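The following paragraphs guide a reader through a structure shown below. Please keep the sequence and the model in view while reading.

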Amino acid sequence: MDIKKKIAALSQELLHHQYLYYVKTVPEISDREYDRLFDELLDLEKQYPQYASENSPTKRVGSDLDNTFPEKEHTIPVLSLDKEYSGEGLEKWLAKTIKNAQQDLSFVVEEKIDGASIVLYYKKGRLDAALTRGSGIVGNDVTENIRTIKQIPLITAAETDFVVRGEIYIKKSDFENYNRKFENRYSNPRNLTAGSLRNIKSSTVAGVPLNILVYEGYFPAGFSNHHILILARLKELNFRINRRVGFFSDQKKILALTKEKLPEITGGAVAGLTAYVKERMKVRDELDYEIDGLVIKVNEIDVRESLGYTSHHPRWATAFKFDAPTAQTSVLDIQIQVGRNGRVTPVAILEPVKIAGSTVSRATLHNQEYIEMLELGIGDKVAISKRGDVIPAVEKVIEKNCENPTVFKFPGACPFCESALVKDGAHHFCKNRDCPEKLERALAYFVGKDRMDIDTLGEKTIDFLYKKGFVTSIPGIYKFNYDLLLQEEGFKEKKVENIKNSVEKSKSQPFSRVLTALGFDGLGKAAAADLIKNGFDSIDKITAAAARRNEEEFSGIEGFGETTALLIIEHFTDQRNLASIEELKQLGLNFAAETGEKQELPAVFADQVWVISGSFENFNPRSQAAEEIEKRGGKVTASVSSKTTHLLFGVSPGSKLEKARKVGGALIDEAKFLELID
Ligand SMILES: [Zn+2]
């Protein structure tokens, strides 16, 4: 066999085994045999790079080159869906759609997975490009990252061009472990997924267990008039189809054909659709991935085309969203908040409403673009949602304020200091250094829990001290004579005493906290810790380096880019900042890390309950391992219980390993543990 053919055959074989392993989860060969084939291909591709295909299975491991994600135009309409929130609304939608179609319709019900939407473009059956949804018209090209997801076929048996839409997601059970690798940067599985797709190194993406389920295929005209048969075709082409699909039709022939081609899916007559949807909503929590509703689509492709689109949504599909975390209310006002660094955030003031057990009266609106996307104005009736600990969000406008329908426009000036707002990226900023709101926010930040932790100076007290002119700058916190408060209403002796004590006590906070508390843009908790760790363990060292204005001294630190480096130089060469720092130094705050001072470690194990079992090479006695866990905010218990989240096991771990497995705890060996605490 010539080399070219051999490479092609090996590729084919490996892609087939990847499919068996990752899509069907029934491997036919051992991991070792697989690795042998893989290495053989890798060798050949190295020797004969001219024959290596960009869709080779070896591309699955990704590369260390930086991706740039150029924007590309979609060739299919990538619209979002309109939403229904009740069974009644869904019934209405069904009736309206059938009426408009003027014929009997079949419907497909699919889970609306809460991940990252992706559009895969195939040329002559081979993956050619993968674009994010983007604006719906233009998406980012993330092809190199997508190639690393082994559930996505790179080469298919189809000989035509076609397009596939799907959702990339990470399993709930994988989220925590992998989020830790990204320093817990992501607040939920969806964010981790979206963040991974945009990771600049595809080799990093290859290490994240991303999954895909595809739900829409666009084949050359005339392929099939039934969406359900297009799904069957996608399955034939080795795409991963959600087995939890419902198909509802009153036509016996297509029902029978579906049963034959996709035996795993359920359904029946159209009359049973709403009941099915309601039933399916209940099992949401049993799934190992997040879904935020179900999608109901017209099956007949020609009808889809005749029903067409509104400016935002297709008329032939709707999303049925979960009832619980959404509510309807009115927007009473839109207020402008200004943060300590001048960033302007609009906040919707809502008619108080209960969602998932708590009363919601405010929701962030992020920025002007978000408001424009919603087309939101004061007085509008809106749907709001709340999930978990996430801040409530305005989902959509249900009804415009009919007396005065408007879309809220940002004021041109800061409402607190009247200086002109400046737009930078998606956000507006107040750039006035003396803006009273910025100064007050900076005070509140300084005394906050993760910083100087002066708990007697809460939001209200800070506001009082500031407005009265008692404390108007950060050094002022340490200079004010708090005894004067005794003359003010609401300040008894005990309370004043407590304030004085906690202010005094805060002077002993370590340098890392002081550095963070200054509240400089780009210098949060993690960045401050990195600075100290990299030898900038006193303010003098930092200011001296900043004075040299050699950004490489800072940009060389891992995680610091040029932007951060320039910000640090700017902050620590600014005369007002330096004067304030000097004053705080005189007042007795820590401006150098004490030698041997225990570095504050990031609480990566917060809320975790660990059990340790077996013996270890690096942790002997094993209480040393317990210390490492506790230092990072974790808890260690002696025996496995339902509360156990992690089991650290060494040599001969005994029965605890099995018990931990049963309660679903993560099983961590010594090597993995060393990685986690590194
Ligand atoms: Zn201002």
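Strand β11, which covers residues 291-298, runs antiparallel to β12 and is joined to β12 by five bridges. Within this pairing, Lys297 of β11 faces Ala317 of β12. Strand β12 also has a partner in β2, residues 82-84; these two strands run parallel and share three bridges. Here Asp82 has Thr318 of β12 as its bridge partner. It should be said at this point that the model is a predicted one.

How many of the residues of strand β12 are buried? The strand spans residues 317-321, and five of its five residues are buried. Two sets of side chains can be told apart by direction: Ala317, Ala319 and Lys321 point one way from β12, whereas Thr318 and Phe320 point the other way. Both sets are buried, Lys321 and Thr318 included.

A second place to examine is Ser249, found in the loop that lies between β9 (246-248) and α9 (252-261). Is this residue buried or exposed? Ser249 has a relative accessibility of 1% and therefore counts as buried, the limit for that term being under 20%. Its side chain takes part in a polar contact with the side chain of Ser106, at 2.8 Å. The side chain of Ser249 also reaches the backbone nitrogen of Gln251, at 3.0 Å. When residues up to four places away in sequence are not counted, Ser249 touches Ser106, Ile254, Leu255, Gly268, Ala269 and Val270. Ser106 thus appears both among these touching residues and as the partner in the side-chain polar contact.

Another loop residue, Asn55, is placed between α2 (31-47) and β1 (71-73). Asn55 counts as buried because its relative accessibility is 3%. The side chain of Asn55 reaches the backbone oxygen of Leu127 at a distance of 3.2 Å. Apart from neighbours within four places in sequence, the residues in contact with Asn55 are Leu15, Arg126, Leu127, Arg147, Leu154 and Ile155.

The aromatic rings form a further topic. The count of aromatic pairs comes to 24. One of them joins Tyr309 and Trp316: the ring centres are 6.5 Å apart and the planes meet at 80°, so this pair is edge-to-face, a term that applies to planes over 60 degrees apart. With regard to accessibility, Trp316 is buried, at a relative accessible area of 9%, while Tyr309 counts as partly exposed at 38%. Elsewhere, ring pairs link Tyr122, Phe162, Phe219, Phe223 and Phe239 into a cluster.

Charged side chains are also placed over aromatic rings. Arg198 lies over the face of Phe69, at 5.8 Å from the ring centre. Lys431 lies over the face of Phe429, where the corresponding distance from the ring centre is 5.2 Å.

Finally, the confidence of the prediction deserves attention. The chain has an average pLDDT of 88, and 97% of the residues score at least 70. Where in the chain is confidence lowest, and where is it highest? It is lowest in helix α12, residues 368-374, with a mean of 79, and highest in helix α15, residues 476-479, with 97. As a general caution, predicted coordinates should not be read in detail where pLDDT is low.

Conventions: Residues are numbered from 1 along each chain as its sequence is written. Side-chain values use heavy atoms; hydrogens and water are left out. Helices (H or I, at least four residues) and strands (E, at least two) are DSSP runs, numbered from the N terminus. Buried means under 20% relative accessible area, exposed over 50%, partly exposed in between (1.4 Å probe, protein chains only). A polar contact is a pair of N or O atoms within 3.5 Å; within protein, one must be able to donate a hydrogen and the other to accept it, and residues adjacent in sequence count only if both atoms are side-chain atoms. Contact means heavy atoms within 4.5 Å. Rings of Phe, Tyr and Trp (its six-membered ring) pair if their centres lie within 6.5 Å; planes under 30 degrees apart count as stacked, over 60 as edge-to-face and the rest as tilted. A charge sits over a ring if NZ of Lys or CZ of Arg is within 6 Å of the ring centre and within 35 degrees of the ring normal. Two strands pair if DSSP finds at least two bridges between them. pLDDT is the predictor's confidence in each residue, from 0 to 100.
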